[in-house]
Each structure stands twice: as structure tokens, then as C-alpha cells.
Amino acid sequence: MLIEILGTITAGLGLFFIGVKLVGDHLKQLSGRKFRKIVTKVVNNPVRGALLGVLAGAATQSTNAVAYIATSMTTAGLMSLRGAMPVVIWANLGTSALVLAATVDIRVLVLYLLGMVGAAFYFNLDRSSRFRHLIGALLGVALLFLGLQFIKQGAAPLREMQAVRDLLELGADSYLMVFGIGAALTLVAQSSATVSIVAVAMTSVGLLTMPQTMMVIYGAGLGSAGSLWFLSANLTGTSRRIILQQVILKIGSTAIMLILFGLEQWRHIPLVQALTAWITPSISLQAAWVYLLQQLLGCILASMLLGPVLRLLGRLAPATQEEELARPVYLYDQALGDAETALDLVSREQNRLFSCLPDYIVTADQAVETARKDIQALYNGNAGVLREIELFLSELIDRTQDRQTMHRILNHQARNRVLGDLRESLFALRRMLGPADALRDRTHLERSLTEGMHAILRTMAETLSASDKIDLDEDDAAMLAAMTSDRSALMERLRHGLLRHTEELSYAVQESLFAATSLFERTIWLLGRYLALVAPTAASDATPQTQDHQS
């Protein structure tokens, strides 16, 4: 008898967890792209942001998922930190939708839903790009509620067993135990709503008393905070602020609800339990309302204290160097109204980005520790600026009809692509020609390539970033064209020279130097290509060499 009961409950939990996973995954896929487009339009208004958060929480049934989506969008620059906060805060309230729905007896509807989903699979609609995620989400909903029915069916006979009665009496005397159970289950399930729904199902069949259920739900809130804390261990800067805000919200709301619980149970002051009993006579609905009230309280408090919390988070998780480097200096949305001004600003931003390129190369006069410092942050930060420039130019294209202006925009887009290629090439070249280590000193060839590349980059960067120059004049362009002329013959001679010194260098060093000469040659070609885009007329003398090298 007991084995059959436990088997039914286990099957129900299995179906329930599969359903939760399917609903979350497919709804995120179904609304992901549209969700991102909507977010960029509504987060400037806190009320609209809060409504969006409620919808996002109801769709994903996971505040963790919403927090990480918002984190990725904030990191990508699609919305500000302050704009993201209302979305993340009010997503907690959205997760209450499924908890409330779980209290409704919809067994017959679930059976029909399973039949319709099965028919959709039979006719291969699950393979359609248009209906695949919708059908997957509906299957998840059906399995979720079917699992709850199994849990209720299996749990009902347990309340008649003496051992279970004794355990529940122990739980009634030790609320700390059931609180810990709720927290531990949430750490495993990664969702306080999931654990709360199971607690509501247990309550509906009399397996848990109302005070026990309340403590399980409060424990789930603390467990959700712990889950977020562990998952955010590798995050820094702005990304970590969003997660820490959720942790503070959940711990704060749980602490307040525990205080109210203590006053009600031991001081006999009618508070949460009395309020839910006044709202509805249904014990399962009362449990669902406890979860909703906990989320609502946290949302209201977090919204009221958003300013002080943001200042606190700024001290706890300051912006990283990578985030600082990823912010454009010259670009702003208002400039899009005047295409010519906008393009001048893009030129300055690209010149500023070009001025970072010499930092990828380590010269002999740089200290080793300084040379190794934060190159990854520079690499990732430059990627963020390139992305912002591309988005800015794409928006400018949508607003432009003039043919000459469109030609300039396309030119700047080409510059952006070449800057991205230069960033990749120099990052790879740095690894090959990095600072001397404990095993060996640099070879003469490595020093020559390093010093030569750094000199070319620095001269070109200083010329491009001159404050009074948006476009190069003829003399500067001619000088840079000579510096970035084709080096294939020189590199070929250097490679032949390496072959004559095979005994002096190890195979690994030879291989690295061969690759470095090829990468040096490619980088010079990219610099010539960038110069041709910046000053196409003045740099025309270098064009034949560039084309020959490209072929």
C-alpha cells in the first residue's frame, strides 16, 4: 500500500517537474524575440515596466529566468539598470498566477487538453516552426496539472496513517523544520513557485495544516534567495546588482512574513492567516493567497526603496572595467535626428576605439604585470562599443533616405567590421607575441614584430584621433598609406630566415613565429583596408597593393 502511494506521488512529481520545464522553456522561446522588442519600448515607464514584469513572471514561472534575461539585456545595453529593476521586481508577483491556477479543479479540461496536444503531435504540428513552441507549452501545462492530480491522489491516503500523523504533529511543534524543508526543496527545484504549488496540493488533501504550509512557502522564499546567490557567484558589476536586488527582496519579504507569522501564532494577533481565511473558505486557495501576499509585499517594498537599494548595490557591486570600456562616449539617441551630425559622432567613436588598439601589443618598455592587466576586459569592452555602433548605424539607416548619406553610413558599417577584425587579429597576435615568461626571452624577430606593430598602431591612432580631424587630410593619409603598405615579401623573407635557424629554436617557437608573421601580415592588410575606408581618395596609391594581397 505504502509503495503504491509513494509511487503515485513520485510519478506526479515527475510529471509536474516535466511540465514546469516545458512551460518555461517553450514560452521563453515563443515570446523571446518579441519580449526583447517590447522591453526596449516600455522600460522607460516604471508602471509599464512593472506590468511587463508581471507578464514575464507569469510566462516563465521563474523569477530566476526573468532576472537572468534582464541581466543579459542590461549587459547588452538594451535597457538601463533602473529600467530593468521594475521588470525583475514585479516578475515575482507574476509567478503567483500558476500557484493560484493550481488550486482550481480542472481535471476534465486537462484530459481534453492532453487529447488535443496528442492530435497535434500525430499530425506533426510539433515540427512546425510556427506552432512548435505553442504545442510544447500546452503539453507542459497539461503534464503539470496532471502531475498535481497524481500528487493529490497519492497523498490523500497518507493522512490516515499513524506514522504520518506523528510526523505532522512533530512539524506542528517545530515550524523551523518545515521551514527548512521548504528552503531545501527550493534550492533543488530552483523555483519557489514550484515548491509552493506542491505545498498547496498537500494542503488541499489535509496532509499539511495551514501554519505548516505557510512555513513551507516562507522557506521557499528564502531558498529562492539562496539559489540566486549561488548562481550569481560568477557575476560582477551591473549583472550582479540585478541578482543581489532579488536576493535582498526575497530575504526582506520572507523576514517580514516570518515576523507576522510569529505575531499571529504566539501573540494571537489576526494577520495573514486571518486575512486569507476572510478572503476565501477554501484551504488550498488560502495557501495560494499566502504565496501571493508574500510576493506582493516584496514587490511593494522593493519599489518604494528602489533608490536607496540601487545606491547600496552600487557599493556592493561596482561597475567593472569591462563595463566602463563597453560604454560609447560620443553616441546618444538624440543625435539620430540629424544624420550628418550622427555620422560625425560615429567617426569620433570609431577613432576613439581605434586608439585602444595599441594597448593589445606589449612592448619591451612595458612592465609585465601592466602588460597582462585586464586585456580580456579591453577585448570584451571593445566588443560592446562595436555592437553599440552597429545598432546606432542600423537605426540611422531606418531614418535615412538620402543616397549620399546612405553611402556614408555603409562606409562606417564597413569600418566597424574592419575594426572588429583588427580587434580579433591583434588579440591573437598578442598571445603569440606576449611578454617574456619564466621559460625564455623574446627572440629578435618577436621584438621586431612587436615594436613595429605597436609603432604603426600608435602613429595611426594618434593621427585619426586628432581633435580637429573627422576625416584625414591628404598628407596624413599618404604617410599612413606608406606605413600600411604590403609586407608580404618582407614576411616571406623572415619565414625563410627562420628555416635557416631550425637548430637554435624549438619546434613550438618556430611554429608560433610562422603563425605570428602571417598574422602580422594580415593585420597590416586590415590597417590598409581601414585607411582606404577613412580616406579612399588620398589612400588610392595603396589600393593596388591591397588588392593584390587580398587576392
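This is a short tutorial dialogue on reading helices, burial, cores and backbone angles in a predicted model.

Student: What should I know before reading the values?

Tutor: Residues are numbered from 1 along each chain as its sequence is written, and side-chain values use heavy atoms, with hydrogens and water left out. This is a predicted model, where local features need pLDDT of at least 70 and side-chain atom pairs count only at pLDDT 80 or more, while totals for chains, interfaces and linings use all residues.

Student: Happy with that. How many residues does helix H10 have, and what span does it reach?

Tutor: Helices here are DSSP runs of H or I with at least four residues, strands are runs of E with at least two, and both are numbered from the N terminus. The expected span of a helix is 1.5 Å times one less than its number of residues. Helix H10 (residues 192–204) has 13 residues, and its first and last C-alpha atoms lie 18 Å apart, close to the expected 18 Å.

Student: Is H10 buried or exposed?

Tutor: Buried means under 20% relative accessible area, exposed means over 50%, and partly exposed is in between, with a 1.4 Å probe and protein chains only. In H10, 12 of the 13 residues are buried, so the helix is largely enclosed by the rest of the structure. Among them are Ser192, Ile197, Val200 and Met202. Just after H10, Gly206 has a positive phi of about 80°.

Student: Which residues other than glycine have a positive phi?

Tutor: Two cases are Asn124, with phi near 65°, and His268, at about 60°. Asn124 sits in the loop between helix H6 (107–122) and helix H7 (132–155), and it is partly exposed because its relative accessibility is 40%. His268 is in the loop between helix H12 (237–266) and helix H13 (272–279); at 65% relative accessibility it counts as exposed.

Student: How do H12 and H13 pack on either side of that loop?

Tutor: Axes are lines fitted to C-alpha atoms, for helices over the stretch in contact, and angles run from 0 to 180 degrees between N-to-C directions. Angles under 35 degrees count as roughly parallel, over 145 as roughly antiparallel, 65 to 115 as roughly perpendicular and the rest as oblique. H12 and H13 pack at about 85°, with axes 8 Å apart. That makes H12 roughly perpendicular to H13. Contact means heavy atoms within 4.5 Å, and here Met257, Leu260, Glu264 and Gln265 of H12 meet Val272, Gln273 and Ala274 of H13.

Student: What does Gln245 touch?

Tutor: Gln245 is in H12 and is buried, at 2% relative accessible area. Setting aside residues up to four places away in sequence, Gln245 touches Met85, Val88, Ile89, Ala302, Val309 and Leu313.

Student: And which residues touch the most other members of the largest nonpolar core?

Tutor: In soluble globular proteins, nonpolar side chains tend to be buried together. A nonpolar core is a set of buried Ala, Val, Leu, Ile, Met, Phe, Trp, Tyr and Cys residues joined through side-chain atoms within 4.5 Å. The largest one has 55 residues, and Phe354, Met453 and Leu527 touch the most other members. Helix H24 (507–534) is one of the elements giving two or more residues to this core, and with 11 residues H24 gives the most. Another core, of 35 residues, lies apart from this one and includes Leu98, Val99, Val178 and Met257.

Student: Finally, how many disulfides are there?

Tutor: A disulfide is a pair of cysteine sulfur atoms within 2.5 Å, and this structure holds zero. Cys299 is buried at 0% relative accessibility, and Cys356 is buried at 14%.
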